[in-house]
Amino acid sequence: MKDIFKAIEDVAFAIDNAIKNEDLGYSDSENSSGEDQLKLDVQSDKIIEDRFASISCVKALVSEEKEGVMSMNEGGKYTLCYDPLDGSSLVDVNLSVGSIFGIYEGELEGANIIASAYIVYGPRIELVWVEKGKMPTLYRAINGKFKEIGEIKLNEKGKLNASGGTQQHWEVKHKAFIDGLFASGYRLRYSGGMVPDLHQILLKGGGLFSYPATTDKPDGKLRQLFEVIPFALVYEGAGGQAVDANGKRLLELVPSHPHDTSPCFFGSNSEINALKDAYGINNVK
Ligand code: AHM
Ligand code: MG
């Protein structure tokens, strides 16, 4: 696992360098979700693929920017599922973006994630790493090296509210719930990048991030293997909750395809319990 952590540290600096210096235009290709790929998406994917080729415990890669599963090292036991540059459409307006990694042992499903990590490319580079059953740890890049800052713990209740999806397509119960949070004093914090948005809620003590089912996207937008499940491990490790629209733990998701999506809600306990009440799903497993 140390090898994987070291490789993630290395790709953080390489991708940060690409973001700062490379062409911001589109490539000629689309990813498997039908989205146009930026040159930076493709470059970030290649940086990760190349660095992980030499990590013998990694048997396969699954990337937001690749079709299917890419075999790597025979005899490896882990599959690395990753989004190389999440929120890449925000690079041209110079907002923070990120990379997300889930490390799975066995079948690719929530129950088998054993560690996850994300990198925030902001004014500084930060990295959060969590192993199953432990608390997430924050690292910050200082003078070209990651320094351990400390463990991340959510408060029982926060103040921030971030909900994605087009409001025009929100379900009535979602709109009523979000309006209720604002009416009770929550503040809007939504950049359109799940990495900085979820990171902000974690570091500011709590709140709620939602990417709900919408009438135009009934299964949500965010991908289970390399966006939703890795962040669920972080939020549960920090003492919060991460559930789908039925109140099921996101760590129990079983994707039938590597690019399957799911509605998702991440937050501290008070907000997720309020969500379950508002959605009428309390105690549903
Ligand atoms: P991407 O992986 O193509 O960058 O898309 C994922 C991003 C998330 O970072 C963010 O939460 C979401 O898309 C924002 O979507 P929307 O603009 O629909 O709110
Ligand atoms: Mg993404």
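Which domains give residues to the shell around ligand 1?

**View 1. Ligand 1 between two domains of the predicted model.** Domain 1 (2-151) and domain 2 (160-279) both give residues to the shell, so ligand 1 lies between them. The space that ligand 1 takes is the largest pocket. Two elements, β5 (78-86) and β13 (207-211), each contribute two or more residues to the shell around the ligand.

**View 2. The residues around ligand 1.** The ligand is surrounded by 18 residues, of which Asp86, Gly87, Tyr190, Met194 and Tyr211 come nearest. By class, the shell holds seven charged, six polar and five nonpolar residues.

**View 3. Polar contacts of ligand 1 with Asp86 and Gly87.** An N or O atom in the side chain of Asp86 is 2.6 Å from an oxygen atom of ligand 1. At Gly87 the backbone takes part: one of its N or O atoms lies 2.7 Å from an oxygen atom of the ligand.

**View 4. Glu227 and the cover of ligand 1.** A polar atom in the side chain of Glu227 lies 3.1 Å from an oxygen atom of ligand 1. On its own, ligand 1 has 470 Å² of accessible area, and the protein covers 81% of this area.

Conventions:
Residues numbered from 1 in each chain as written. Chains lettered and ligands numbered in written order. Predicted model: local features only at pLDDT ≥ 70, side-chain atom pairs only at ≥ 80, totals over all residues. Heavy atoms only, no water. Near = heavy atom within 4 Å. Polar contact = N/O pair within 3.5 Å; in protein donor to acceptor, adjacent residues only side chain to side chain. Areas by Shrake-Rupley, 256 points an atom, 1.4 Å probe, with all protein chains shown as cover. 1 Å grid on protein atoms, 1.4 Å probe; cavity = no way out; pocket = protein on both sides within 12 Å on 5 of 7 lines; lining within 4 Å. Sits in = over half its atoms within 2 Å of the grid points. Helix = DSSP H or I, 4+ residues; strand = E, 2+ residues; numbered from the N terminus. Nonpolar A, V, L, I, M, F, W, Y, C, P; charged D, E, K, R; others polar. Domains from an automatic or database assignment.
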